[in-house]
Amino acid sequence: MPAVREWLAAQEQKELLRFTTCGSVDDGKSTLIGRLLYETKQIFDDQLAALESDSKRHGTQGEKIDFALLVDGLSAEREQGITIDVAYRYFASEKRKFIVADTPGHEQYTRNMVTGASSADLAVLLVDARKGVLTQTRRHSYLAHLVGIRRFVLAVNKMDLVDYDQGPFDAISAEYRAFAGKIGVEDWIAIPVSGLNGDNVAASSQATAWYSGPSLLDHLNDVPLDVSADAAKPFRMPVQWVNRPNQDFRGFAGQIASGTVKAGDDIRILPSGRETRIERIVEAGGDLAEAVAGQSVTLTFADEVDCSRGNVIAVSSDPPEVADQFEATLVWMADEPLLPGRGYWLKSGTQTVTATVHEPKYEINVNSLEHLAAKSLELNAIGVAEIATDRDIAFEPYAVEGSSPNRVLGGFILIDKLSNATVACGMLHFALRRAHNIHRQHLDVGRETHAALKGQKPAVLWFTGLSGAGKSTIANLVEQKLAARGRHTFLLDGDNVRHGLNRDLGFTEADRIENIRRVGEVARLMADAGLIVMTAFISPFRAEREMVRKMLPEGEFIEVFVDTPLAEAEKRDAKGLYAKARAGELKNFTGIDSPYEAPEDAEIRIDTTAMSAEQAADLIVDEMLRRS
Amino acid sequence: MSSLTHLDRLEAESIFILRETVAEAAKPVMLYSMGKDSAVMLHLARKAFFPGPLPFPLLHVDTTWKFKAMYAERDRIAAQAGVELIAYQNPEALDKGINPFDHGPLHTDLWKTEGLKQALDLHGFDAAFGGARRDEEKSRAKERVFSFRDRNHRWDPKRQRPELWSLYNARKNKGESMRVFPLSNWTELDVWQYVLREGIEVVPLYFAAARPTVERDGLILMVDDERMRLDPGERVVMRTVRFRTLGCYPLSGAVESEAASVEDIIAEMLASATSERQGRAIDRDAGSASMEKKKQEGYF
């Protein structure tokens, strides 16, 4: 079959274009995509038959086929008549294969729009010819541009409803031109289409004789690809996995983010800065001479140098920067707002580190592009903030003027440490200067010396529990018993710290986190000084207790859960606080109108309903001495 | 060097996903169903971890009702060096003699959905690769590449994690798991083109041959063994047929075809007018929302 061979040979040369479509709820986006699938023969007879029967049942086009039903996948959507999540569609022309991220239009799903746009080369913005450029159109242009899309198509849809008249089309183009200039969108084209009837979708339409530009499909066939731009940049590859099947082979597997690599190239490993040479590019079918951006490869080195998952391999003459403090744009994607100061997982490339976000510098009003003051970011909010990571990471600025974005080393996500949900995505701008200049002071008399002089192993006994659980009482007894045995100790008590170090903090969630962070830092300094530190704080959130645990060397953080049921603590109510909280005089009171997250694996758990404070203190001292 | 073709880029993306899972999961497994998608996924995995062996076992969740040729293919793969293949049958379904003739939707539910959950729990697998593609079915089009499942293996389409760039969030708590779909962005045509390009062996059932068949409810079913029940008046007829998708033989519809090679299949697809899932009786259980419902219950 020569025809098939010929066709297959042509297929081998096909390129891949990813694009996203965005528009307001009623702009006919799903209909247009359905139409593209139909015109490029992606719809089979059985699907068309199902579509015809579905159109009669749920359709909004009367007797006509409702192409939107092809695209709106989930049953909930079909019932509501709207698209609620990102859906991926596939079709091909003679020249290219296309992956379409179809994203919803309404405001509350900004996160899905950003998701769909994150991997796209181009955005198709839908506008209704009768309605023109809406707030949604501006918002979507801004968001798509924000995540690095540089090529736009303004598809002026429903031309059939304005009698294919040039007037409305010109007015909309002019209006968009003014806006595009403001946000830096330079490469864009307006095309008059009708998704319903197919005008200018796959072929130029007679109905718009006044329009001489390409059809939508022609334009998608010809637009340049980001992957070609990535190949021209310096070589970078995040290491995904170290392939070590036996003693004789050690390969570093990953997908090339940018540039090209060949055997003999001098490379640098980041963040360590160690250098070596590429020995081989290993592949099942035989070694490759060269590999390029986008390929997944396995590299071997000329020397035995340290390199592991999360490291970045880069051309040694032009490596990326390494830093631990950044400015970044954040798009918040979770129902729970950003908590400045809380530790989140930050994943960038294949690196996962702990990161804290400062209070935002500002939030961006996507409709007016104004900068607003903000203390936090809520779902779908976009803001600019400083971020600190707990160790150095290799990175590149996400946005590059006049080129494709550095998606791999400039994009990141934030992950909640407890729920593991992806709560935000972000784009790195630049490293902060102070991160370059401030190096931790190397001290000649170190923590080991401090501890050795005192003849003890430092530790932080972290008492946590409800107000009135008995934390301070027990911690006091423990300190007395340790002092009696000649141990050097210090007790940090919640009430005392709040009168001094932390008197500027209140009881909001953010303030409580900052309170614990400061106490944690002080406890760590004291442990560095060789002391056994006891802290007695409600410390209601697991994430913060875990944050302090991570500040200390393995084994030095001992969590003591003073487990007193709420009813019992409330009955004791030594300070009369529960009564006040119940009366509504105290807000954000743990156990009443603010949650307490009990430890799941505390080193020591004290059941105060089963033992006295004296017994509890003995138990803790015994456990403490056993551990040292 | 010339720029990457669409197959090159699909291959690179799938390999990235396979490696990312192995790097982040504690105990991954690859669901292996002997079909063309499984064959492609296995081939990609071998490339991803070359020159090392596969860093995970294959798991076949068996229903006892697959085609004989599929069991032969499974045994051929299991015998290859470096392959560990686990076959699992739900003991309850075995005990009750669950079959596609008497039990309708319960057949899929007990053998496949329940069987899969049991096998994953039994071995403590926390990430399972599946060969599903987004182009197969509407509700699949919205599923993530890394699809989070709760302790009961349930999928919640409203609480999916946003998936940006190629940053996959594989983190989970104890007892929770991930279903990972490395072929998410492939189409049926991509799969066949890749099979051809790479010379991947697939089950002969995909190629046309004279086979004993009956016609029932608009499907051509193959009489693969003596357990096939015939309705009154049904006659076994030899037809030259092939299969576009494979499953339990009494539920898999064949198409009449002369395509005897991968090239023939691709030629036929170009002229084809029906989608591949059309031959699947199981999608029809509850109207067009059937797959979404199954997935929420824990089906792949």
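This report describes the domains, sheets, helices and chain contact of a two-chain model.

The model is predicted: local features need pLDDT of at least 70, side-chain atom pairs count only at pLDDT 80 or more, and totals for chains, interfaces and linings use all residues. Residues are numbered from 1 along each chain as its sequence is written, while chains are lettered from A and ligands numbered from 1 in the order in which they are written.

## Domains and sheets of chain A

Domain bounds here come from an automatic or database domain assignment. For chain A the assignment gives domain 1 (14-224), domain 2 (230-315), domain 3 (321-437) and domain 4 (448-627). Between domain 2 of chain A and domain 4 of chain A, the C-alpha centres are 47 Å apart.

Helices (H or I, at least four residues) and strands (E, at least two) are DSSP runs, numbered from the N terminus. Two strands pair if DSSP finds at least two bridges between them. Axes are lines fitted to C-alpha atoms, for helices over the stretch in contact, and angles run from 0 to 180 degrees between N-to-C directions. The table sets out two open sheets of chain A.

| Strand order (chain A) | Strands | Pairing | Average turn between neighbouring strands, direction ignored |
|---|---|---|---|
| β7-β15-β11-β12-β14-β9-β8 | 7 strands | antiparallel | 40 degrees |
| β25-β26-β24-β27-β28 | 5 strands | parallel | 15 degrees |

In the antiparallel sheet, the edge strands are β7 (236-238) and β8 (241-246) of chain A, each of which pairs on one side only. Strand β7(A) is joined to β15 (residues 312-315) of chain A by 3 bridges in the antiparallel sense. Within that pairing, Arg236(A) has Ala314(A) in β15(A) as its bridge partner.

The edges of the parallel sheet are β25 (489-493) and β28 of chain A, and each again pairs on one side only. Strand β27 (residues 557-563) of chain A runs parallel to β28(A), and 4 bridges join them. Opposite Asp563(A) stands Asp607(A) in β28(A).

A residue is buried if 20 or more other C-beta atoms lie within 10 Å of its own, exposed if 12 or fewer, and partly exposed in between, with C-beta atoms placed from the backbone. By this criterion the side chains of β28 (residues 604-607) of chain A alternate: Ile604(A) and Ile606(A) are buried and point to one face, whereas Arg605(A) and Asp607(A) point to the other and are not buried.

Two helices lie across strands of the parallel sheet. Helix α16 (residues 509-528) of chain A lies across β24 (459-464), β25 and β26 (532-536) of chain A, at about 165 degrees to β26(A). Helix α20 (residues 613-627) of chain A lies across β24, β27 and β28 of chain A, at about 170 degrees to β28(A).

The loop between α15 (494-499) and α16 of chain A holds Gly506(A). Gly506(A) counts as partly exposed because 13 other C-beta atoms lie within 10 Å. From Gly506(A) to Asn588(A) the separation is 82 residues in sequence and 9.9 Å in space, C-alpha to C-alpha.

## Chain B

Chain B has 8 helices and 11 strands, and 54% of its 300 residues count as buried. Two residues are in contact if their C-beta atoms, placed from the backbone, lie within 7 Å. Of the contacts in chain B between residues at least 6 apart in sequence, 76% join residues at least 24 apart.

Chain B is divided into domain 1 (6-189 + 289-297) and domain 2 (202-283), whose C-alpha centres lie 24 Å apart. Their contact takes 21 residues from domain 1 of chain B and 19 residues from domain 2 of chain B. On the domain 1 side, the elements that give two or more residues are α2, α3 (68-78), α6 (188-198) and α8 (290-297) of chain B. Helix α3(B) gives the most to that side, with 4 residues.

In α7(B), the residues Val262(B), Ile265(B) and Ile266(B) are buried. They lie on the same side of α7(B) because they cover an arc of only 95 degrees around the axis (the arc being that of the directions from the helix axis to the C-beta atoms). An α-helix has 3.6 residues a turn, so residues three or four places apart point the same way.

## Contact between the chains

In the contact between the chains, 52 residues of chain B meet 58 residues of chain A. The elements giving two or more residues to the chain B side are α1 (6-24), α2 (36-49) and α7 (262-271) of chain B. Helix α1(B) gives the most to this side, with 9 residues. The residues of the chain B side divide into 21 nonpolar, 16 polar and 15 charged; Ala, Val, Leu, Ile, Met, Phe, Trp, Tyr, Cys and Pro count as nonpolar, Asp, Glu, Lys and Arg as charged, and the others, Gly among them, as polar.
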